[in-house]
Amino acid sequence: METVTDQLRQAVEQCGQTRYAISKATGIPASVLSRFVASGRGLRSENFDKLCTHLGLVLTEAPAKSMKTNSSKTNSSKTNAGKPRKER
């Protein structure tokens, strides 16, 4: 599954604007954009926000994946209070 960062990186590459133009419009240094797109480096959150705003991207909430836990597997050497059981 693609991360949000991967999706933003693709949006920058596919938007039809040069990194220089994006840099001028957002105030994000062109070198930072180049490193983000080319080498996979991350962005500071404020630059991430600026870039999303410039490209017209909005983060939407997706349904949370259910966390599967196996409650039937417990450590038999401990009680509910976390104290070891006494041997009988």
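How many aromatic pairs does the count come to in this predicted model? By the rule applied here, the count of aromatic pairs comes to zero, and the close-up views below therefore turn to charged side chains, for which the count comes to two salt bridges, given that a side-chain nitrogen of Lys or Arg must lie within 4 Å of a carboxyl oxygen of Asp or Glu.

**View 1. D6 and R9 form a salt bridge within helix α1.** The side chains of D6 and R9 meet with a separation of 3.1 Å, N to O. The two residues stand three positions apart in helix α1, which covers residues 4–14, so that about one helical turn separates D6 from R9. D6 counts as partly exposed because its relative accessibility is 30%, whereas R9, at 12% relative accessibility, counts as buried.

**View 2. R9 is placed over the face of F36.** R9, the residue whose side chain meets that of D6 in a salt bridge, also lies over the ring face of F36, at 4.5 Å from the ring centre. The buried state assigned to R9 rests on its relative accessibility of 12%.

**View 3. R44 and E46 form a salt bridge.** In this view the side chains of R44 and E46 meet with a separation of 2.6 Å, N to O. R44 counts as exposed because its relative accessibility is 54%, while E46, with a relative accessible area of 35%, is partly exposed. As a general point, side chains of opposite charge can pair when their charged atoms come close.

Methods: Residues are numbered from 1 along each chain as its sequence is written. This is a predicted model: local features need pLDDT of at least 70, side-chain atom pairs count only at pLDDT 80 or more; totals for chains, interfaces and linings use all residues. Side-chain values use heavy atoms; hydrogens and water are left out. Rings of Phe, Tyr and Trp (its six-membered ring) pair if their centres lie within 6.5 Å; planes under 30 degrees apart count as stacked, over 60 as edge-to-face and the rest as tilted. A charge sits over a ring if NZ of Lys or CZ of Arg is within 6 Å of the ring centre and within 35 degrees of the ring normal. Helices (H or I, at least four residues) and strands (E, at least two) are DSSP runs, numbered from the N terminus. Buried means under 20% relative accessible area, exposed over 50%, partly exposed in between (1.4 Å probe, protein chains only).
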